[in-house]
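Let's take a walk through this one, starting with the overall picture and then zooming in on a couple of spots.

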Amino acid sequence: MTIYPVSQVESLTGIKAHTLRIWERRYQFLKPQRTETNIRYYTDEQLRKLINISILNRNGYRISKLDKMADQEIYLKVSDILSNSDKSLEDDIQGLTLAMLEMNEDKFNHIYQAHIIRKGLLRTVTDVIYPFLTHVGVLWITNKAFPAQEHFISNLIRQKIISAIESYTHVPENAPSIVLFLPDGENHELGLLLSSFVARDLGWKVYYLGQNVPREDIEDVVELVNPQAIMTMLLAPRKDMKALISHLLKSMQGNPFFITGNPQILMELKESEELVFINHPKELEIALNRITTT
């Protein structure tokens, strides 16, 4: 059985710890377990129920009424909300969180496909998938989910993104080019794949080098293809970070160097005026469009 401390429950449900304590005192639907040292924790079933409660409460249901509902009634009402095209983005993110916790591919696909129909693939990635991955901590490895669930949802989304990238079969010869890579020691590539998709959707020629690439290989590729931009993502602390970035900046000869990753890790590089920090796929979209229109 997977167990969740209060901090994880708060992150995944959006319900403050103070509110949880009030609900536990007033209502019957929530009874956390306790360790031998009296620390509260929640089971998978309790976490899923809290996410369902959060969705219904946000859509106008009073907690006192939800307290008296059977689990099946709660489930059906949540299903109705998630199948409604007028639901909020927050509801969709919570729905995707449920799909991750339940390892339910059908539930994930239902929400994913509905957004593609309404918004198209690019907006689904930038407006839904990216915020969801940030919410559950998968993107920056902040451990809000547990490894099995993280692997499940990461690989599911990875399959979707790779399939979308492969659908772009023709890139004009005169298209601008970008090199994307993870330096040696970096293996968590989902965020870089999202960036690759954004670039391909905008008509860029993408040289995707993948993970754990030695610096010398990156420099060789840059010299060979002479890209208009390069991009990397840093998640893990590294002693040679400034030296690595400095070497690669020299090889770019003034062309943009985009960088994204764990905000705490990137703080060390914030003084660099030569780097373009990307905090969201839409920022990358704007930056790439700016290059092609100048």
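Start with the charges: the chain carries 32 positive and 36 negative ones, and their mean positions sit 9 Å apart. Keep in mind that you're looking at a predicted model. The chain has 14 helices and 8 strands, and its C-alpha trace spans about 65 × 45 × 30 Å along the principal axes. About 14,700 Å² is exposed, with carbon and sulfur atoms supplying 48% of that. As for the inside, 50% of the 294 residues count as buried. If you take contacts between residues at least 6 apart in sequence, 70% of them join residues at least 24 apart.

Now zoom in on helix 1, which runs over residues 6-13. Its buried residues are V6, Q8, V9, L12 and T13. Looking down the helix axis, you'd find these buried residues within an arc of 160°, so they line one face of the helix. What do they pack against? Their partners are strand 1 (3-5), strand 3 (40-43), helix 2 (17-26), helix 3 (44-58), helix 6 (89-102) and helix 8 (121-136). Right after helix 1 comes G14, with a positive phi near 80°.

Next, hop over to Q149, which lies in helix 9 (residues 147-166). Is Q149 buried or exposed? Its relative accessible area is 5%, so Q149 counts as buried, the cut-off being under 20%. Setting aside neighbours within four places in sequence, Q149 is in contact with Y4, D44, M100 and L101.

Notes. Residues are numbered from 1 along each chain as its sequence is written. This is a predicted model: local features need pLDDT of at least 70, side-chain atom pairs count only at pLDDT 80 or more; totals for chains, interfaces and linings use all residues. Side-chain values use heavy atoms; hydrogens and water are left out. Helices (H or I, at least four residues) and strands (E, at least two) are DSSP runs, numbered from the N terminus. Buried means under 20% relative accessible area, exposed over 50%, partly exposed in between (1.4 Å probe, protein chains only). Contact means heavy atoms within 4.5 Å. Accessible areas come from the Shrake-Rupley method with a 1.4 Å probe; for residues, only the protein chains shown count as cover. Lys and Arg count as positive and Asp and Glu as negative; His and the chain ends are not counted. The place of a charge is taken as NZ of Lys, CZ of Arg, CG of Asp or CD of Glu. The arc is that of the directions from the helix axis to the C-beta atoms.
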